[in-house]
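Subject: A structure for you to look at

Hello,

I am handing over the structure we talked about, with some notes to help you find your way around. Please open it first and then read on.

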Amino acid sequence: MRNKHPTLAYFSSSIWPGIRTFFLTVLPNATWQLSVGGSINFWTDKWLSDPIVNLISLSKHLYGSLLASVKDFSQDGNWVIPLVLAA
């Protein structure tokens, strides 16, 4: 991944050979570190077990209008979920 876009180019890594050996163990145990969350799409990025749009079975033609980031749903380290979504 380069500049938030997937790439087919090979980039040398000092840790990938070790991870590759245990990839099937690492993958289900890997987590996102959200930090501020401004660059993580709340709806379509896989920062939970699955993207939220998959968990709520939202139609794919709506994906383009889902622009909110994780940061948009948090304030001072707490979740701020609009009532219309929390119900």
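Following the sequence from its start, the protein chain runs through the pattern α-α-α-β-β-α. That makes 4 helices and 2 strands. Please keep in mind that this is a predicted model.

Here are some overall figures. The chain has 87 residues, and 16% of them count as buried. Its exposed surface comes to about 7,400 Å², with 59% supplied by carbon and sulfur atoms. If you take the contacts between residues at least 6 apart in sequence, 40% of them join residues at least 24 apart.

A good place to begin is N41. You will find N41 in the loop between α2 (23-29) and α3 (52-55). Is N41 buried or exposed? With a relative accessible area of 15%, N41 falls under the 20% cut-off and is therefore buried.

The side chain of N41 has polar atoms placed beside the backbone at two points. One of these distances is 2.8 Å, to the backbone nitrogen of T44. The other partner is the backbone oxygen of L66, which also lies 2.8 Å from a polar atom of the N41 side chain. Setting aside neighbours within four places in sequence, N41 is in contact with W47, L66, L67, A68 and S69.

Next, the aromatic rings. How many aromatic pairs are there? The count comes to 6. In one of them, F42 pairs with W47: the centres are 5.6 Å apart and the planes meet at 45°, a tilted arrangement. F42 has a relative accessible area of 8%, so it is buried. W47 is buried as well, at 12%.

Another pair is formed by W43 and F73. Their ring centres lie 6.1 Å apart and their planes stand at 85°; an angle over 60 degrees counts as edge-to-face, and so this pair is edge-to-face. The pair links distant parts of the chain, since W43 sits in the loop between α2 and α3 while F73 sits in the loop between α3 and β1 (74-75), 30 residues apart. Both W43 and F73 are buried.

Which residues do the ring pairs link into a cluster? They are F42, W43, W47, F73 and W79. If you select these residues in your viewer, you can trace the cluster for yourself. You could then add N41, which is in contact with W47.

Enjoy looking around, and write back with any questions.

Best wishes

Notes. Residues numbered from 1 in each chain as written. Predicted model: local features only at pLDDT ≥ 70, side-chain atom pairs only at ≥ 80, totals over all residues. Heavy atoms only, no water. Buried < 20%, exposed > 50% of the residue type's maximum accessible area, 1.4 Å probe, protein only. Contact = heavy atoms within 4.5 Å. Areas by Shrake-Rupley, 256 points an atom, 1.4 Å probe, with all protein chains shown as cover. Polar contact = N/O pair within 3.5 Å; in protein donor to acceptor, adjacent residues only side chain to side chain. Phe/Tyr/Trp six-rings, centres within 6.5 Å; stacked < 30°, edge-to-face > 60°.
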